[in-house]
Amino acid sequence: MNASLQGLAAPMMVMFLLTMVVWLVMFARRMAYLGANKIDAEQLKAPGDVESLLPAQVQAPANNLRNLVELPVVFYALCLYLTFYTQVDGFYVVCAWVFVVFRCLHSLVHCSYNRVMHRFLAYLIASLALWVMVIRAALALLL
């Protein structure tokens, strides 16, 4: 496989692994909280029930997991698009890694001390890297 094509496979795999880790953290926190507080799972039938019964710190990984199926979906699709049309180059690979590193930081903040401004800055930098990739790919297609 071409080295530049492998360059997008690695950041995508890190995003897959990040999503798995956040899911595991969510699962572990929820199970620990439910067990420690003797909450019957039947009390969690609707999202509103979950929000009202579980504290923010327990819910943070679930909120982050939802974030990981928003902009990352654009990232995955774009990486596949660039690979399929053999447009991958060093610039895209660097942008992809910027996106991934800052999404990892975003998840770390969100699932730990959850300071909003720190989380927002990581989100903003990751998002800008992704939108630069999208705009560049769109220009390459249109021009």
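M20 is partly exposed, with a relative accessible area of 43%. Here, buried means under 20% relative accessible area, exposed means over 50%, and partly exposed lies in between (1.4 Å probe, protein chains only). M20 sits in helix α1, which spans residues 3-36. Helices (H or I, at least four residues) and strands (E, at least two) are DSSP runs, numbered from the N terminus.

This is a predicted model, in which local features need pLDDT of at least 70 and side-chain atom pairs count only at pLDDT 80 or more, while totals for chains, interfaces and linings use all residues. Residues are numbered from 1 along each chain as its sequence is written, and side-chain values use heavy atoms, with hydrogens and water left out.

**Overall build**

The protein has 6 helices and 0 strands. Along the sequence the pattern reads α-α-α-α-α-α. The C-alpha atoms fill a box of roughly 60 × 30 × 25 Å, taken along the principal axes. Of the 143 residues, 35% count as buried. The accessible surface comes to about 8,200 Å², and 73% of that belongs to carbon and sulfur atoms. Accessible areas come from the Shrake-Rupley method with a 1.4 Å probe; for residues, only the protein chains shown count as cover. Take contacts between residues at least 6 apart in sequence: 78% of them join residues at least 24 apart. Contact means heavy atoms within 4.5 Å.

**The surface patch**

M20 belongs to a nonpolar surface patch of about 840 Å². Its other members are M13, F16, L17, V21, W23, L24, F27 and M31. Patches are made of residues with over 30% relative accessible area and no salt bridge; like charges are joined within 9 Å, and nonpolar side chains (Val, Leu, Ile, Met, Phe, Trp, Tyr) within 5 Å.

**The nonpolar cores**

In soluble globular proteins, nonpolar side chains tend to be buried together. A nonpolar core is a set of buried Ala, Val, Leu, Ile, Met, Phe, Trp, Tyr and Cys residues joined through side-chain atoms within 4.5 Å. The largest one here has 28 residues. Those with the most contacts inside it are L8, M15, F75, L82, F99 and M133. Five helices each supply at least two residues of this core: α1, α3 (56-67), α4 (71-84), α5 (90-111) and α6 (116-142). Helix α5 gives the most, with 7 residues.

What does M133 contact, leaving aside its neighbours within four places in sequence? Its partners are L78, L82, Y92, C95 and A96. A second, separate core has 6 residues, including L34, I39, V50 and V58.

**A buried arginine**

R103 lies in helix α5. R103 is buried yet has no salt bridge. The nearest side chain of opposite charge is E70, 6.1 Å away. For charge, Lys and Arg count as positive and Asp and Glu as negative; His and the chain ends are not counted. Beyond residues up to four places away in sequence, R103 touches M15, L18, N67, L68, L71, P72, Y123 and A126.

One of these partners, N67, is placed in helix α3. N67 counts as buried, at 18% relative accessibility. With the same sequence neighbours set aside, N67 touches P72, R103, H106 and H110.

**Salt bridges**

A salt bridge is a side-chain nitrogen of Lys or Arg within 4 Å of a carboxyl oxygen of Asp or Glu. The whole structure holds 3.

| Pair | Closest N to O distance |
|---|---|
| K45 and E42 | 3.5 Å |
| R66 and E51 | 3.7 Å |
| D89 and R136 | 2.6 Å |

R66 lies in helix α3 and E51 in helix α2, so this pair ties together parts that are 15 residues apart in sequence. R66 is partly exposed, with a relative accessible area of 40%. E51 is partly exposed too, at 43%.

D89 lies in the loop between α4 and α5 and R136 in helix α6, so this pair links parts that are 47 residues apart in sequence. D89 is partly exposed at 24% relative accessibility. R136 is partly exposed at 31%. Both K45 and E42 are exposed.

**Two positive phi angles**

Most residues other than glycine have a negative phi. K38 has a positive phi, near 50°. K38 lies in the loop between α1 and α2 (47-53). K38 counts as exposed, at 73% relative accessibility. N114 also has a positive phi, near 55°. N114 lies in the loop between α5 and α6. N114 is partly exposed, with a relative accessible area of 26%.
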